[in-house]
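Good morning, and thank you for coming. Please look at the model on the screen while I describe one helix pair and one pocket.

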Amino acid sequence: MFTEYLAEAAPVPRLAVTRVGVTGHRAIPPSVLPFVRSALRRQFSRSDVAWEALSCLAAGADQLFADIALAHGVPVTAVIPGMDYEAHLGDEEARTAYRRLLRSCQARVDLPAQPTHEQAYFAAGCWVVDHSDHLIAVWDGRPARGLGGTGDVVAYARRKGVPVTVLWQAGVQRD
């Protein structure tokens, strides 16, 4: 009788995994942070999607994105640029957060070494885009301040046809 019940039960639909990547500024103005946090929480709270998050774990947007993804039980893949990355993450607080997040990641992708740091950042941003179904950009809409910046990664995603959601408050500018 139990076997008959199992045979008649409808199959449980399985959700396809949606890989969402991030690009964004290292310095986010305090007035923008609540908006960005709220938008990321809403994104990862959607129960109709099985998420996987891709992040380089840089200070600012990348670390915020990874923290919120992990808090929602979303597995994170760390994408490590091909350079002496940890030494260039900024202050000790950023490096400590990076190491904490890295220990919590489901997977780690170490990219090949690049001739310059800027090329390494851009290669990592391109890898995130190439392996994402969707890109979240914590971006003020202005051009990148150097190769591999947020504006460059957003432009690359748009050329590749990867949908981009920009999280920023109108009228707010970075320092």
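I shall begin with the helix pair and then turn to the pocket.

This is a predicted model, in which local features need pLDDT of at least 70, side-chain atom pairs count only at pLDDT 80 or more, and totals for chains, interfaces and linings use all residues. Residues are numbered from 1 along each chain as its sequence is written, and side-chain values use heavy atoms, with hydrogens and water left out.

Two packed helices are described by the angle between their axes and the distance between the axes. Helices here are DSSP runs of H or I with at least four residues, numbered from the N terminus. The axes of α2 (residues 33-45) and α3 (residues 61-71) come within 10 Å and cross at roughly 40°. The two helices are therefore oblique to each other; that word covers angles other than those under 35 degrees, over 145, or 65 to 115. On the α2 side, the contact (heavy atoms within 4.5 Å) is made by L33, V36, R37, L40, R41 and F44, and on the α3 side by L64, F65, I68 and A69.

Now to the second largest pocket, an open set of points on a 1 Å grid, where a 1.4 Å probe fits, with protein on both sides within 12 Å along at least five of seven lines. Which elements give two or more residues to its lining, that is, residues with an atom within 4 Å of a point? They are α2 and α3, and α3 provides the largest share, three residues. Among the lining residues are L33, R37 and L64.

Conventions. Axes fitted to C-alpha atoms, helices over the stretch in contact; angles between N-to-C directions.
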